[in-house]
Amino acid sequence: MNYCPDEVMEHVFDFITSHKDRNAVSLVCKSWYQIERSSRQKVFIGNCYAISPERVIERFPELKSLTLKGKPHFADFNLVPHDWGGFVYPWIEALANHRVGLEELRLKRMVVSDESLELLSKSFVNFKSLVLVSCEGFTTDGLAAIAANCRYLRELDLQENEVEDHKGHWISCFPESCTSLVSLNFACLKGEINLTALERLVARSPNLKSLRLNRAVPLEALQRILMRAPQLVDLGTGSFLHDPASEAYSKLKATLLKCNSIRTLSGFLEVSPRCLPAIYTVCQNLTSLNLSYAPGIHGNDMIKLIQHCRKLERLWILDCIGDKGLGVVASTCKELQELRVFPSDPYGVGNAAVTEEGLVAISAGCPKLHSLLYFCQQMTNAALITVAKNCSNFTRFRLCILDPTKPDPVTLQPLDEGFGAIVQSCKRLRRLSLSGLLTDQVFLYIGMYAEQLEMLSIAFAGDSDKGMLYVLNGCKNLRKLEIRDSPFGNKALSDDVGKYETMRSLWMSSCEVTLEGCKALAKNMPRLNVEIINEDDEVAPSSDDRQIVGKMYLYRTLVGPRKDAPWYVEIL
Amino acid sequence: MGRATSCSSSSIESSTELRKDLSTDLRLGLSISSSSQHDNSSFSRIRDQPSDWPPIKPLLRKALEAEENESNSATFFVKVYMEGIPIGRKLDLLAHDGYHDLITTLDHMFNTSILWSDVDGSYSDQKYHVLTYEDKEGDWMMVGDVPWEMFLSTVRRLKITRA
């Protein structure tokens, strides 16, 4: 290592792009740490409270692209109050104050105010890319600032954010000189959009490859837009409602014939199923299809559509496709790698739901499948064992039975053996979500076999502390553990406190951990923040230590307790 | 917590006085406020819907709820008269899938056989009726010529006439 000049090492490090690898490189020796840090441009911060913006900026002077994650994953399911934290403003302020040459910002589960967006838009001359996933706190006024001020904007990607819509004026804020757009996604916006401004924007964006529209864009406008952008690779339709006998529909059909670069398709936020044949030609080349926001498409229409999609690698769909429909997927989509089946009827007993049959069919028909999210009516051990035999490549396996404590309906047994087979067979499994009636036994299997497991989600499972202990003691690569409504208490929590410094975070809600247990843990571990979230309690937080804690979130951090927590969050 | 059966002693002994009532555990864990007589082990329809189960994103939940509301609560009642009978009936067009469904209902409602544009008029021996509708422009048209959705957007009332 002494024989290689720094410039050579830096050149070698240029080829190392994954942040995990770069983190490893920086630990080898002081010299490599220095070379690595002075050349790293892309930084990933998995928990915005684990470190301060100032320290990130200081360590990485060439910072150009920053990814930040805020709230814990269960915030996606309304388990974390909206103002719990994850504010991006201090980060943007620090980046601006230190004159960082920021070009790209990717945020997930953070609170983004209009002020932050405005500051962002005015502080970084070369800013190119803004990606917001599951964020909240901003309105279309903030988007207007981004549109107006980011002269070289290439990407504005809004995925599933909760945005207060002040109507369509923001799209008119892109100046005539803005011709650099490559990706524009505003599907999650609920309000009206200025269609003329949108069409003109598309017309002057020759590099536009990805466009996802919202519900307010009607079919006629879609046709005009596609005329201007036949080069699109990724399309999200807005409204797909029309009379199939109309001229507008025929025009659209003809225009779509010219769009032979489309590989990713989504949207259909409102749809007349009889208009779907217009996209059959596009389907032939699709590698990715997302119909999870299209509840207007029913089983048979879905099946007819899928039959045209022979090259599909990723499919996100609603469960009204049924087991029969999944059978069609299994026989048609031989290249399938990722499947997500969402519940179309979240509260009903689900006549529409899928069962273990659909999953077994998929596992038999799709040899390349490695990523699964499956909401279903029921599951059996036999089915899971078969799936494990058919598909040992799973890296992500997430099952959710709509009735979360349902046993195997055939044998009335817990699903321990089924999940046991999955973890034993899938040696590369990194993410797992359990469901159904489960005892401590399943955790024994997980601890024993799931060596690569990084994230585990548990709900309504287990009998005792032993369950949680099997996992904490067994899974060496565990980074995130989230548990709800399971009988794990202080004994499991406090057994190996050092473990939590090797993990990003632990979430436990409606379990049996008491305030006393949390306090003891926090006392011994200064590099962990142990947060108790008490929004419902009228009782003052620290009154009775024997009290069971409603929600606890703990995470490792280098910067101590945060100062922006709301009144109902107690940091021990 | 959710299982009444095999709870080991270590989890029960820890804070028995402060444990929540087992029979309502599942619902409390789901942040449902009111008590309900429903079976704990099934998540069938209840008035206070849990917003944290099943675990889907709020945006998706809203999109699915909106679709359900639209398909459940949308109605479109029109008046239907039969020639010679002064008192008319009312019919929800949106409760029907299409023309065939509509004709079936009308056949039953008025106890007759109704002809529309899909059926060829070779029933000259039998008594039959013809179904017409008044459109937005006030013209009386034969039912069945235009696609169902277009019909729905233009129909104002129906009339069953003797041919």
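1. A quick word on charges before we start: Lys and Arg count as positive here and Asp and Glu as negative, while His and the chain ends are left out. Counted that way, chain A carries 65 positive and 67 negative side chains. The centres of those two sets sit 7 Å apart. Keep in mind as you read on that this is a predicted model.

2. Now for the overall build of chain A. You'll find 20 helices and 25 strands in it. Its radius of gyration is 25 Å, close to the 25 Å from the globule rule for 572 residues, so chain A is as compact as a globular protein of that length. If you'd like a feel for its extent, the C-alpha trace spans about 70 × 65 × 60 Å along the principal axes.

3. What about inside and outside? Of the 572 residues in chain A, 60% are buried. The accessible surface of the chain is about 22600 Å², and carbon and sulfur atoms account for 51% of that.

4. Have a look at how the chain folds back on itself, too. Take the contacts in chain A between residues at least 6 apart in sequence: 71% of them join residues at least 24 apart.

5. On to the aromatic rings. Over all chains there are 22 aromatic pairs. One of them is A:Y49 with A:W84, an edge-to-face pair with 5.7 Å from centre to centre and 80° between the planes. This pair ties together distant parts of the chain, 35 residues apart. A:Y49 is in the loop between β1 (42-45) and α4 (53-59) of chain A, and A:W84 is in the loop between β2 (65-69) and α5 (89-97).

6. Are those two rings' residues buried or exposed? A:Y49 has a relative accessible area of 10%, so it is buried, as buried means under 20%. A:W84 is buried as well, at 0% relative accessibility.

7. Another pair worth finding is A:F460 with B:W53: the ring centres are 5.4 Å apart and the planes stand at 90°, so this one is edge-to-face. A:F460 sits in the loop between β20 (455-459) and α18 (465-474) of chain A, and B:W53 in the loop between α2 (25-29) and α3 (58-73) of chain B, so the pair joins two chains. A:F460 is buried at 1% relative accessibility, and B:W53 is buried with a relative accessible area of 6%.

8. Last point: which residues form one aromatic cluster? They are A:Y49, A:F74, A:F77, A:W84, A:W507, A:Y553 and A:Y555. You've met A:Y49 and A:W84 already, as an edge-to-face pair.

Methods
Residues numbered from 1 in each chain as written. Chains lettered and ligands numbered in written order. Heavy atoms only, no water. Helix = DSSP H or I, 4+ residues; strand = E, 2+ residues; numbered from the N terminus. Rg over C-alpha atoms; globule rule 2.2 N^0.38 Å. Buried < 20%, exposed > 50% of the residue type's maximum accessible area, 1.4 Å probe, protein only. Contact = heavy atoms within 4.5 Å. Areas by Shrake-Rupley, 256 points an atom, 1.4 Å probe, with all protein chains shown as cover. Charge placed at Lys NZ, Arg CZ, Asp CG, Glu CD. Phe/Tyr/Trp six-rings, centres within 6.5 Å; stacked < 30°, edge-to-face > 60°.
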